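Subject: A structure for you to explore

Hi there,

Here is the structure I promised to pass on to you. Have a look at it first, and then read on for what turned up in it.

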Amino acid sequence: MAKVLERKPLTFAEKTYLPQVLGGLKITFKNMLGKKVTMEYPEERPNIPDNYRGVPTLVHDPNGREKCVSCQLCEFVCPPKAIRITPGSIPEGDEHEHVEKAPQDFEINMLRCIYCGMCQEVCPEEAIFLQDVYSLVGTSREELVFHKKKLYELGGTRPDQHYKWDVKKAAEEEALAGNGHH
Amino acid sequence: MPEDASKLVNINIDGQDYKVPAGMNMVDAASYCGVEIPHYCYHPKLTVAGNCRMCLVEMGTPMRDRSTGEPVLDENGVQKIGWMPKPAIACASNATPGLHIRTNSDLTKACRTGVMEFLLVNHPLDCPICDQAGECRLQEFATDYGRGYSRFVEEKNVKPKRTVLGPRVILDDERCILCSRCVRFTEEIDENPVLGFTQRGSHSTLTCYPGQELDSNYSLNTVDICPVGALTSTDFRFKMRVWFLKPVNSICTESSAGVNTEVWSREGKIYRITPRRNDAVNDTWMADSGRALYKQVEAESRMKLPRISGNQVSLAEAIERAAELIKSGPTAYVASGKLSVEEQFLLGKLAKVKPGSVYFVDHSREGDSRLISEDATPNLRGGLVTGLISELPGERLDALADALKAGEVKTVVSFGENLINAGIGPELLKKTDLVYLGTHRNDTTDLARVLIPTLTVFEKAGSFINRQFRLQRFLQAVPGLAGLLPDVVVLTRILGDISGDKTPDPSMTELWAEIAQAIPALKDLSFAKIGDSGVELDGSAYDNLPFHEKPGWHYEPKLEPATTSGSSF
């Protein structure tokens, strides 16, 4: 059923338009004299809070070890299927041989990524972080598919609380030296 | 399995009455009734070890008076149940009349939590780099019954992480939960007892006997039955997480044993082949060599483009030219047990539309008296059942060579058979109008007038009849190579071109409707009816044929096997 609304006639004050004009001027002056809310982007840049979800990146630990072990959980959880990992193994004799696994390639299609942060949340190795980069430009689709090298360049180094693999290696070395639990 | 499976007994699980075959193992009996009893060391095809303690349940039997043997009744006149004071392992008990178990009581739950905690004490928890993650029993039961957090503050044991046990198996000792399935497998099934535990307690380590390695052709079964990620396959190691892989039921083409398999693929790429349980054929086992067959899909020698006299053409042109050559004839057809039943049926139709002799090539070699039979083709019996041949083929095609020399045959259609190996010289082949349908390049393909590349077993559906005359089907696991068509479609189109009566490409259902009508032995069957475990056909009509197969697992030859002529295949 259509609802019929009764239109009330304008009052005298309304007919003069003055209250509305003054109301508008009030807002104008308030903003003119008050604190600025815009900034001169791009010369000026906003402060990015720590929990901001920018471009997903891969990180190294403070000892320079690549943290990703290519468990592919982020690839699994990624809602728009932006992540594609080619798993690989760490060759024998490598400094990080004990970690056994590392990605051969790690692709994130930034055109697909929706910056939801699920990859960061699911990562058991704390290797992927959505950091403060928020402005991405590219001139082709290929350019915006980021590969492993680019992702590590963007990611840099993040502090580590656990050094889980270093602890593991130390235990192995202890054991080899005969001081370990086994 | 019970001795007399027809006899059912009443058991009671969690207050519910069920009927199960007498003597059935209680772990199996519970799963038969739809109740899961978690277990690690129990495996239906191995002896009971009872060392993981995960299947602890409360157990009770109907009470009887010790002196008189009379049933003890409660006030309602129902026989009382005497519950054992302590939990018992379900895997070491068999279904007996009136047996009661409780699988979700407080005691049972406490047992499982306790066992899980002990198993996880020294477990490295390296699921992110463990290939078993996603199909790991330890992961599954830890989420189902584990505490969720660790109380263990001491240091975990350190054990060898990357022991190479054999050419195809790598051991991570820290992940091992000492269930001994692999040890029992090598001893009982493989009869090559090279594995064992050394040290004691939590220091126990799975080890290969000094100077030996786990190099049997059945070694990868240990990887399949390992409930955790301790034993991993060198080939599959770190290749792909299992939760991305899609399993498709298939049949191994390695030999006429017809091992049931699962082909695991992601986005059209096959990553591994594992055995599928079929108690009538291969139990839960499979040979290592059969697992590598998926590599043929991306092999370098794979043919991808149709050709006429060496020049690239479209598939339609190649089919048209093949039909012309077959029609001009006189024609002979060379096939073997590599073709599926459907393809053999269509070949039979072709040989009726354009009459010509059908030759089969024998592919015999040494077997291993297990799951690799003496016949290297999966479907020789299909040729018998579809009526293409009535006798066992020979290795050489001397009759065809004579006919070619005498000019009695002008066109030869080879279905993946290397004619040069079968005794037809290259000079003779050059003078022949050779139509070749096959997947991989060989000496013969270079000489073919018309070359039609076809699809491998992984890229098409069909069925094979194995050495037990068991009809089993395989499904398409991955899409075929771009531009190529399944053999049955190619054959149907050639048939249409020759007879002038073009029919649409048949679906499996349509094809089987036709097959069931035309072949008495396959009457009443359809592709769907073959099911996942296959259908046993009556092979008694062929009992007097001297098949090459010697006795193997689940196979006894009817006649004394003929001597195989050597190792060539």
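**What was found**

Let's start where the chains meet: 17 residues of chain A and twelve residues of chain B make up the contact. On the chain B side that touches chain A, six residues are nonpolar, four are charged and two are polar. Please keep in mind that this is a predicted model.

**The cores**

Which residues have the most contacts inside the largest nonpolar core? They are B:Cys55, B:Ala90, B:Ala322, B:Val334 and B:Leu347, in a core of 135 residues. Helix α7 of chain B (residues 315-328) gives this core its largest share, six residues. A second core, separate from that one, has 28 residues, among them A:Cys74, A:Ile83, A:Ala102 and A:Trp165.

B:Leu347 is a nice residue to click on. Apart from neighbours within four places in sequence, B:Leu347 is in contact with B:Tyr333, B:Ala335, B:Leu339, B:Val358, B:Leu388, B:Phe415 and B:Leu491.

**Strands in chain B**

A handy rule to start with: side chains in a regular strand alternate between the two faces of the sheet. You can see this along strand β6 of chain B (residues 99-102), where B:Leu99 and B:Ile101 are buried and point to one face. B:His100 and B:Arg102 point to the other face and are not buried.

How do the partners of this strand run? Strand β1 of chain B (residues 8-13) is parallel to β6(B) and joined to it by three bridges, with B:Leu99 as the bridge partner of B:Ile11. Strand β3 of chain B (residues 56-62) is also joined to β6(B) by three bridges, but that pair is antiparallel. There, B:His100 is the bridge partner of B:Gly60.

Next, look at the hairpin of β13(B) and β14(B), which has two residues between its strands. Six bridges pair strand β13 (residues 260-266) with strand β14 (residues 269-275) of chain B in the antiparallel sense, and one of the bridge partners in β14(B) is B:Ile270, opposite B:Ser265. B:Glu267, in this hairpin, takes a positive phi near 50°.

There is also an open sheet of seven strands in chain B, with mixed pairing and the order β16-β15-β21-β20-β19-β17-β18. Why do β16 and β18 (358-360) of chain B each have one side without a neighbour in the sheet? They stand at the edges, so each has a single partner strand. Further in, β15(B) pairs with strand β21 of chain B (residues 450-453) through two bridges in the antiparallel sense; B:Leu451 in β21(B) stands opposite B:Arg307.

**Backbone details to check**

Most peptide bonds are trans, and most residues other than glycine have a negative phi. Here are some places to compare with that:

- A:Tyr41 and A:Pro42 are joined by a cis peptide bond, with omega about 5°. A:Pro42 sits in the loop between α2 (18-33) and β1 (56-58) of chain A.
- A:Tyr163 is not a glycine, yet has a positive phi of about 45°. A:Tyr163 is found in the loop between α5 (148-155) and α6 (164-176) of chain A, and counts as partly exposed because 14 C-beta neighbours lie inside 10 Å.
- B:Ser309, another residue other than glycine, has a positive phi near 45°. Its loop lies between β15 (307-308) and β16 (311-312) of chain B. Is B:Ser309 buried or exposed? With 11 other C-beta atoms within 10 Å, B:Ser309 is exposed.

Enjoy exploring!

Best wishes

Technical notes. Residues are numbered from 1 along each chain as its sequence is written. Chains are lettered from A and ligands numbered from 1 in the order in which they are written. This is a predicted model: local features need pLDDT of at least 70, side-chain atom pairs count only at pLDDT 80 or more; totals for chains, interfaces and linings use all residues. A nonpolar core is a set of buried Ala, Val, Leu, Ile, Met, Phe, Trp, Tyr and Cys residues joined through C-beta atoms within 7 Å. A residue is buried if 20 or more other C-beta atoms lie within 10 Å of its own, exposed if 12 or fewer, and partly exposed in between; C-beta atoms are placed from the backbone. Helices (H or I, at least four residues) and strands (E, at least two) are DSSP runs, numbered from the N terminus. Two residues are in contact if their C-beta atoms, placed from the backbone, lie within 7 Å. Two strands pair if DSSP finds at least two bridges between them. Ala, Val, Leu, Ile, Met, Phe, Trp, Tyr, Cys and Pro count as nonpolar, Asp, Glu, Lys and Arg as charged, and the others, Gly among them, as polar.
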